[in-house]
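Me: I have some questions about how the labels on this model are earned. Please keep the answers short.

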Amino acid sequence: MEQTAKLIIDGKTYELPIIEGTEGERAIDISALRRDTGLITMDPGYPNTGSCESSITFMDGERGILRYRGIPVAQLAEHSSFRETSYLLINGELPTPDELNHFSVMLNDHSLVHEDMQHFFQNFPRRAHPMGILSSMVNAVRVFYPEIPEDTSQEAINITFSRLLSKVRTMAAMSYKYSKGHQVVYPSHRLSYCANFLNMMFDSPVKPYEIDEDMVRALNVFWILHADHEQNCSTSAVRLVGSARVNLYAAISAGICALWGKFHGGANQAVVEMLQDIQDGGGDPAPFIARARDRNDPFRLMGFGHRVYKTYDPRARIIKQVCDTVLSKLTYSDPLLDIAMQLEEVALKDPYFIDHHLYPNLDFYSGIILRAMGIPLNMFTVMFAIGRLPGWISQWKESVEDPHWKVHRPRQIYQGKTERDYVPMGERVTKVS
Ligand code: CMC
């Protein structure tokens with residue numbers, strides 16, 4: 001029997017259908033609300049609003065569950081590669097050996113960046129933030145490869161996806177090399193997706209890079225954990241911009257811009273800056289916890305809290321373990337890790353953090369790993385962006401194929417001035433401050 005919710009407005013009862021997902025989540029379908037009642041709903045920041053039905057990622061914030069296409073992220077982190085997880089997200093199923101091989105060939109074939117695009121890199125100021133460069137360059141790729149959407153065959157679409165996954169990785173490494181004033185390293189067909197990235201970042205004519213399989217594994221896990229997170233801010237940006245039927249590159253570029261913010265992907269950089277501030281201040285986290293608790297201080301403990309997780313972020317648990325492996329490779333210990341662990345311990349016992357259900361999120365430990373890999377601070381959010389690409393691509397694909405597709409266009413409740421007449425310039429009274 002169809003479930004409904006009853007809504008009473010001015011004494012009149014309206015029945016609204018209830019939609020139920022495969023994991024038992026329920027939503028009141030208000031798609032006919034304005035037509036039937038003249039009213040809209042108000043939900044600033046959308047914490048109570050479902051924007052779509054999706055079969056890509058399932059999260060349960062109360063129980064700390066995260067699954068891609070039904071598979072727990074911990075299993076993928078243990079057994080899969082980022083390449084395979086990307087395939088799973090985009091295509092819905094794990095690949096057969098042949099499918100994975102074909103995907104690898106496509107990633108290799110499309111990994112080079114058009115030589116003419118290199119001039120763009122040279123003209124960005126050296127101090128430009130790599131996220132700004134990346135979002136511009138992704139948009140620019142479209143100009144060089146205009147085939148989509150004119151050709152919408154499955155193979156053409158797959159080429160576009162591979163092109164994005166592979167070129168964004170190449171461009172990220174290129175932007176780093178340019179920022180250092182060093183020679184660009186080209187991708188190699190002999191290396192896997194993650195090993196290739198590390199090689200493009202760190203190989204140099206004077207010091208050849210030796211591939212370290214533990215680092216390659218850590219990067220695979222890092223990117224698997226970032227690969228999708230259902231309707232977060234940047235993914236919603238990709239879907240919203242994509243809903244106007246712009247090309248995929250423009251939609252992804254919008255996602256990169258949204259991710260840049262310090263309350264979203266920019267948090268991994270902000271966490272390390274905060275840990276550094278704590279260390280510079282003598283290493284005691286207590287004043288920072290006190291500031292985070294103070295309602296009159298806008299300061300927030302970076303890497304803590306999540307819109308959906310009201311328990312320990314399952315990704316944070318896994319990344320903390322990877323931290324141990326990566327740090328054990330270093331010949332020195334990172335003092336920021338000790339500060340992070342102290343901060344976590346104090347915060348988890350603090351009544352403010354307990355009452356507000358604030359636990360470490362993925363970004364809390366991810367910066368420590370990136371530092372240990374030698375990734376510079378301003379590239380941290382770029383690392384997040386490369387990891388989130390398969391998620392953005394699969395969410396864009398799903399939204400484009402959605403039979404209930406609509407241009408995203410929320411409404412508002414206007415609270416401004418009511419109608420008034422235009423005042424000619426000469427009759428306006430000068431304001432005295
Ligand atoms: N430090 C101190 N207080 C916090 C924090 C924090 N990190 N996060 C939330 N709160 C408090 C907030 O002040 C508010 O308190 P009150 O109800 O007393 O006014 C309450 O918790 C709810 O906050 P909110 O902003 O309504 O909650 P939200 O769900 O919109 O916030 C968040 C989610 C991630 C923006 C927030 O927790 C935050 O700013 N965290 C720090 C930034 C961060 O680590 N971002 C990375 C998120 S995970 C990676 C990703 O997917 O992007």
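Me: Which helices each supply at least two residues of the lining of the second largest cavity?

Reply: They are α6 and α7. Bear in mind that this is a predicted model. The lining consists of V138, V141, R163, L164, K167, V168, M171 and Y249. Five of its residues come from α7, which gives the most.

Me: What makes this space a cavity?

Reply: A cavity is a set of points where a 1.4 Å probe fits but cannot get out. The search of the whole structure applied a floor of 30 Å³ and returned two cavities. The second largest has a volume of about 30 Å³. So it counts as a cavity because the probe fits there and has no way out.

Me: How do the residues of its lining divide by class?

Reply: Six are nonpolar, two are charged and none is polar. Arg and Lys count as charged, so R163 and K167 are the charged pair. Tyr counts as nonpolar, so Y249 goes with the nonpolar group.

Me: What is the volume of the largest cavity, and which residues are closest to its centre?

Reply: Its volume is about 130 Å³. It is lined by 14 residues, and R126, I133, S175, Y178 and S179 are the closest to the centre. Two or more lining residues come from each of α5 (118-123), α6 (130-144) and α7. The largest share, four residues, belongs to α7. By class there are nine nonpolar, four polar and one charged. Arg counts as charged, so R126 is that one charged residue.

Me: Why is the second largest pocket called a pocket and not a cavity?

Reply: A pocket is an open set of points, whereas a cavity is one the probe cannot leave, so the open set takes the name pocket. The space in this one is about 490 Å³. Its lining has 20 residues, with F202, K207, Y209, E210 and M373 closest to the centre. Three elements give two or more residues each: α7 (154-180), α8 (193-202) and α17 (362-373). The lining splits into 10 nonpolar, four polar and six charged residues.

Me: How do you know that R295 makes a polar contact with the ligand?

Reply: A polar contact needs a pair of N or O atoms within 3.5 Å. A polar side-chain atom of R295 lies 2.9 Å from a ligand oxygen. That is within the limit, so the pair counts. R307 also places a polar side-chain atom 2.9 Å from an oxygen atom of the ligand. G303 uses a polar backbone atom, at 2.8 Å from a ligand oxygen. The protein covers 76% of the 930 Å² of accessible area that the ligand has on its own.

Me: Which residues come nearest to the ligand, and how does the shell divide by class?

Reply: There are 19 residues around the ligand, and H264, R295, L301, G303 and H356 come nearest. The shell has eight nonpolar, seven polar and four charged residues.

Me: Why are β1 and β2 called a pair?

Reply: Pairing takes at least two bridges. Six bridges join β1 (residues 4-9) to β2 (residues 12-20), so the two strands pair. They run antiparallel. One of the bridges links I9 with K12 in β2. The two strands form a hairpin with two residues between them, and D10 in the turn has a positive phi of about 50 degrees.

Me: What makes β2 and β3 a pair too?

Reply: Three bridges join β2 to β3 (residues 26-28), which meets the requirement of at least two, so they pair. This pairing is antiparallel as well. E20 has R26 in β3 as its bridge partner. This hairpin has five residues between its strands, and G24 in the turn has a positive phi of about 85 degrees.

Me: Why are β4 and β6 called edge strands?

Reply: They sit in an open sheet of three strands, in the order β4-β5-β6, with antiparallel pairing. β4 (57-60) and β6 (71-72) each pair on one side only. Two bridges join β5 (residues 65-68) to β6. At least two are required, so β5 and β6 pair. In that pairing, R67 has P72 as its bridge partner in β6.

Note on methods:
Residues numbered from 1 in each chain as written. Predicted model: local features only at pLDDT ≥ 70, side-chain atom pairs only at ≥ 80, totals over all residues. Heavy atoms only, no water. Near = heavy atom within 4 Å. Polar contact = N/O pair within 3.5 Å; in protein donor to acceptor, adjacent residues only side chain to side chain. Areas by Shrake-Rupley, 256 points an atom, 1.4 Å probe, with all protein chains shown as cover. 1 Å grid on protein atoms, 1.4 Å probe; cavity = no way out; pocket = protein on both sides within 12 Å on 5 of 7 lines; lining within 4 Å. Points joined across faces, edges and corners; volume = space filled by probe spheres on them.
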